Amino acid sequence: MLICTDLRCDGRPDPRGVETLRPDIGWRIESDEPSVIQAAWQLRAACCDARSAAAIESWHESAWQEDANSQLRVWPEIDGFKLRHDGRYIWQVRIRDTMGRESDWSRTAAFEIYLSTEAFWQGAFITSQEKRRCLRLRRCFELAADDTLVDAVLRATALGVYELELEGSPISGDRLAPGWTEYHSRLLISTYDLTGLLLDSLSRGESTAQLDVWLGPGWHNGELMAQHGQPVYGERVAFFAELELSYASGRRERILTDESWQAAAGEHSYADLYHGETVDAAHVPEWGPAVRTPQDLTVLKMHDGLPVREQEELPVIQRIITPAGEVVLDFGINISGYVRFTVWGEAGDRVRYDHAEILDGEGNFYTANMRRARNTIDYRLAGGGEAETFRPRFTFQGFRYIRLLDWPGGPENARPGQFRAVVIHSDYTETADFHCSHAGLVRLHQNIVRGMKGNFVDIPTDCPQRDERLGWTGDAEVFAETALRLGDTRLFWRKWLRDMAAAQLPDGGIPHVVPDILTRLENGILTGYGACGWADAAVIVPWRLFERYGDRRLLAEHYPMMRFWVDYIRSRATDGVLWDTGFHFGDWLALDAEPGSYFGATPNPLTATAHYAWSVELLARAARVLGRDAEAEELTELHARIVSSFQNAFVGPDGRLHARTQTAALLALQFDLLTPSQRGLAIEQLLELIDAAGGALTTGFLGTPWLCEVLADNGHLDRAYDLLLREDYPSWLYPLSQGATTIWEHWDGIRPDGSLWSADMNSFNHYAYGAIGSWMHRVIGGIRFGDPCRMGRELIIAPHPGGGLIWADHALDTAYGRVSVHWEIVENALAIDVTIPPNCEAELCLPWSGTKLRLGSGRHRHEDRK
Ligand code: BGC
């Protein structure tokens, strides 16, 4: 058996709205034979002009491509067959493997190209006559009675966030569309296929249909944007859509947003991402004509990321009456999303509740850490005896508990079964499993997974609950490697990196947050960007993405941004090599900070110069991959000069780092900034500092990701396990003893005595320290990716048992299939089971004997002895 399955175009199955004439394509190979490697592939494609898969023109075949890669292939040239704007295509692929076996043609997949060029758009942005925070829009339209509908596609976006219904049915599960981008340059068009819904209407004998739109401020003009008193993007919500109907006769019709639409105040009198929603279900809209509003259409781009969708529903696990006498419902875990409830009552009866992540030391509902975010849902019933089911449309919260403030007949009347917490996040596929014999580590891994879900609501955020929820570059940079293992997030990062490139400042600086709402003029000086370890995300995240997927095209696309950022540092660095200027967050939230301060003790020039060196090193690697050899040389030479300036500035005559912090030693070691003898001393220093801290970490955002890495790589695997398995404060496992279900912002968010870190910054869902996840996967689970140029096809299987663990199970669902490792210590032997998917190869490194073995695809079992 040799089959090609799971065909993807632009990273998606059967996508519509692909914005390039040379999309990338990929497929998975299934086989029951061992050691399968693709030798060549061939594609055939056809155009479906009549917008129906049945009406296929003749197939056009590409030449056989001698190529082992089966992912991220660029659409090949095919004689006499060109992809074009607004074209819809079907395609199949077949392969030959290195044994000369040939597969059949795969199942047929489809895609549609749509180039978002201003000239192609005919609709206008529309809004209501009076300025409103939330509104409804609608349009009825006729379907041709004398023709057969074959295709209906809706392309839509908004200034604000929207939801759509056709004839009262949701047209997709998307939430908070079109998401948050650098709106000044990128506003994303989503493509929805309405053919099925309209054919259903027609089959019921209905020849008219109605589109309904709910529109709220979202990220566009909500409170979020008013951080500095001014909305960043604009004052009004507005909607844009083009519905294209294609008939069997070849006739095509477009229904555009214009004055023919109706607008009205809807049931939402207020909505905001931070504050919640106020809704009157009895409200009857008074419809009037919509009006056009000017908007630059050149910012429209086809959606290049992942939509946000509902993922999971959680029941109430406990109804609590707190010491303060309040009715609180507990959903068991800290999530991002909202509550769906069902209620009966009279018109005007009220349901009102707010959200919290924790109960305080006394067991009372705790909202002080939400800061300004009110997170309150206020719903007035329509009444009339019918059950009313509600969920918010324009807001989401980070929470585990809700407090019922009002409920028909009083909060104590509410029954837990009337509520469900709904988890939302960007619609990525989860790709990692991790289990082992240590229950605490398994729970830590679950918390890392939840921390990612909670902070992947369209952009990578710091936290999902307080009046922040911003795309902090530093947090994303440290967590990216773990995120790329936990979920298939290539498109999620692609979207965010394009926003980062769009947000890059004219001097090459990268904002603290992307999309950028924080850069501003202070006393004539532009601030809010250019911090080490944060802005370095411009180099680190594209490189992480390349390491994981081998996506050369994306690396090439972002190379100019990466280069420009490095040039920015160079222009700010003394002699171009020592970065000792500018504002930095440094080793943010490290425990060696002055009491009450957020800034760790590691000196900024050291942290900044270390990150400068790392960014230059990664940029040099990127240059080499992209064939920019002269640049790679120049960068390598620059790197050597930065390293020697690092040694001159930060290492004393005794060969030891001046800065006596764990993070100083970690950065110097991890980024390879020391001579061999200095390295030995830095390792000594690191161990001394850990001992001096009672065997604990003292690191913050920039040091923590490297702790176990550096210890293990430098011969101290046991010390890495000691730190990871430590249960007392401070440690990764300590929050578990306080009931954590996600990763905290502070090591001591809840202190051992039950007191809380200051409410001004105490998130219980911050993924940064979850960066340890990738170490757990690579070192305990034993799966690493090899040379990125082999695009994830080369694996290194190298588990390192330790810490008293007796078994571990780790699996990654890659584009090629599932890679899995199970190891178990039985008496004096280590048994390892490995599965390698077709078209991949692995090097198995047995940890005790040091033996290395080459593995092809299939299942393998080996035993290792000391
Ligand atoms: C965020 C962080 C972020 C930081 C900048 C905080 O308010 O929550 O995670 O990186 O600001 O240091």
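1. How far is an oxygen atom of the ligand from an N or O atom in the side chain of aspartate 462? In this predicted model, the separation between that ligand oxygen and the aspartate 462 side-chain atom is 2.7 Å. The protein covers most of the ligand's surface: of the 310 Å² that the ligand exposes when taken alone, 96% is buried by the protein.

2. Two further side chains place polar atoms beside ligand oxygens. For histidine 766, a polar side-chain atom lies 2.9 Å from an oxygen atom of the ligand, and for tryptophan 534 the corresponding distance, again to a ligand oxygen, is 3.0 Å.

3. The residues surrounding the ligand are Asp462, Arg466, Glu468, Trp472, Asp475, Trp534, Phe585, Trp588, Phe701, Glu745, Met761 and His766. Sorted by class, this shell consists of six nonpolar residues, five charged residues and one polar residue.

4. Turning to the charged pairs, the model contains 86 salt bridges. Some of these join into a network, in which Arg16, Asp86, Arg88, Glu112, Asp151, Arg155, Asp193, Glu242, Glu244, Arg252 and Arg254 are linked.

5. One salt bridge pairs arginine 372 with glutamate 223, with 3.6 Å between the closest N and O atoms. This pair connects distant parts of the chain, since its members are 149 residues apart: arginine 372 sits in the loop between β30 (365-366) and β31 (376-380), while glutamate 223 belongs to the loop between α2 (218-221) and β17 (238-247). Arginine 372 counts as partly exposed because its relative accessibility is 42%, and glutamate 223, at 25%, likewise counts as partly exposed.

6. A salt bridge within a helix is formed by arginine 621 and glutamate 617, whose side chains meet at 2.5 Å, N to O. Both residues lie in helix α8 (residues 604-625), and because they are four residues apart there, about one helical turn separates them. With a relative accessibility of 33%, arginine 621 counts as partly exposed, as does glutamate 617 with 22%; the latter value is not under 20%, so glutamate 617 does not count as buried.

7. Helix α9 (residues 629-650) holds a pair with the spacing of four residues, namely glutamate 637 and arginine 641, which are therefore separated by about one helical turn. The salt bridge between glutamate 637 and arginine 641 has its closest N and O atoms 3.0 Å apart. Glutamate 637 is partly exposed, its relative accessible area being 42%, and arginine 641 is also partly exposed, with a relative accessible area of 34%.

Key: Residues numbered from 1 in each chain as written. Predicted model: local features only at pLDDT ≥ 70, side-chain atom pairs only at ≥ 80, totals over all residues. Heavy atoms only, no water. Salt bridge = Lys/Arg side-chain N within 4 Å of Asp/Glu carboxyl O. Helix = DSSP H or I, 4+ residues; strand = E, 2+ residues; numbered from the N terminus. Buried < 20%, exposed > 50% of the residue type's maximum accessible area, 1.4 Å probe, protein only. Near = heavy atom within 4 Å. Polar contact = N/O pair within 3.5 Å; in protein donor to acceptor, adjacent residues only side chain to side chain. Areas by Shrake-Rupley, 256 points an atom, 1.4 Å probe, with all protein chains shown as cover. Nonpolar A, V, L, I, M, F, W, Y, C, P; charged D, E, K, R; others polar.
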